[in-house]
Amino acid sequence: MNAACLFCRIVAKQIPAAIVYEDDKVLAFNDINPQAPVHILVIPKAHVAGVDALEDYAILPDIFRVIKQLAAEQKIDKTGYRAVVNQGRDSGQAVPHLHFHLLGGRLLHWPPG
Ligand code: 5GP
Ligand code: ZN
């Protein structure tokens with residue numbers, strides 16, 4: 001828990017979020033500013049600043065299991081979806097706690113720009 005970190009504070013339930021999945025290691029909640037009909041953030045509960053700071057790679061299968069499960073629940077598994085991570089300045093990463101964006105429910109353009 002990093003008390004200065006927004007997503008750690010969501011994990012700690014100090015800041016409300018629309019939680020759609022939770023277990024002991026992973027939390028998923030709706031993005032506050034959705035860029036698609038489905039826009040969910042999937043995060044490890046343990047604080048990791050981003051991909052570049054990731055050392056516990058064992059969290060990744062859990063994250064992808066949740067992404068697949070949520071895609072099925074949200075009924076975007078057949079139409080398709082995007083799971084992306086921003087890392088660092090040039091990506092526009094705004095929150096320095098590792099998070100996967102799960103986006104779907106509309107045609108997603110590529111490249112994202
Ligand atoms: P990044 O640009 O760091 O990859 O994405 C951060 C995401 O977090 C953005 O899509 C933004 O809308 C979302 N976000 C920022 N603050 C909050 C918040 O307080 N609650 C929720 N649910 N999402 C947030
Ligand atoms: Zn954090």
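Helices (H or I, at least four residues) and strands (E, at least two) are DSSP runs, numbered from the N terminus. Before we zoom in: this is a predicted model, where local features need pLDDT of at least 70, side-chain atom pairs count only at pLDDT 80 or more, and totals for chains, interfaces and linings use all residues. Residues are numbered from 1 along each chain as its sequence is written, chains are lettered from A and ligands numbered from 1 in the order in which they are written, and side-chain values use heavy atoms, with hydrogens and water left out.

**View 1. The tail end: a cis bond at Pro111.** Pro111 sits in the segment after S5. The peptide bond joining Trp110 to Pro111 is cis, with omega at about 0 degrees. Keep in mind that most peptide bonds are trans.

**View 2. Four protein atoms hold the zinc ion (ligand 2).** Which residues supply the donors? They are Cys5 and Cys8, each through SG, plus His47 and His97, each through ND1, and they lie 2.0 to 2.3 Å from the zinc. (Donors are N, O and S atoms within 2.8 Å of the metal, or 3.2 Å for Na, K and Ca; water is not among the atoms, so sites may look incomplete.) Why is the arrangement called tetrahedral? Because the four donor atoms subtend angles of 106 to 117 degrees around the zinc ion; the label asks for four donors with all angles between 85 and 135 degrees. Along the chain, the donors follow the spacing C-x2-C-x38-H-x49-H. One pair links distant parts of the chain: Cys5 comes from the segment before helix H1 (6-11), while His97 comes from the loop between strand S4 (81-84) and strand S5 (100-104), 92 residues apart.

**View 3. His97 and its surroundings.** Is His97 buried or exposed? His97 is buried, since its relative accessible area is 0%, and Cys5 counts as buried too, at 5%. (Buried means under 20% relative accessible area, exposed over 50%, and partly exposed in between, using a 1.4 Å probe and protein chains only.) Leaving out residues up to four places away in sequence, His97 touches a set of residues including Phe7, Ile43, Pro44 and Val48. Here, contact means heavy atoms within 4.5 Å.

**View 4. Ligand 1 in its surroundings.** There are 16 residues around ligand 1, and Asp31, Asn86, Ala94, His99 and His101 come nearest. (A residue is near a molecule or strand if one of its heavy atoms lies within 4 Å of it.) Look for the oxygen atoms of ligand 1: one is 2.5 Å from a polar side-chain atom of Asp31. A polar backbone atom of Ala94 is 2.6 Å from a ligand oxygen, and for Val95 the backbone figure is 3.0 Å. How much of ligand 1 does the protein bury? Taken alone, ligand 1 exposes 520 Å², and the protein buries 82% of that. (Accessible areas come from the Shrake-Rupley method with a 1.4 Å probe; for residues, only the protein chains shown count as cover.)

**View 5. Two lysines with positive phi.** Most residues other than glycine have a negative phi. Lys13, though, has a phi near 65 degrees, and Lys75 has one near 60 degrees. Lys13 lies in the loop between H1 and S1 and is partly exposed, at 49% relative accessibility. Lys75 belongs to the loop between helix H2 (59-73) and S4, and at 67% it counts as exposed.

Note on methods: Tetrahedral: all angles 85-135°; square planar, octahedral: opposite > 155°, others 65-115°. Polar contact = N/O pair within 3.5 Å; in protein donor to acceptor, adjacent residues only side chain to side chain.
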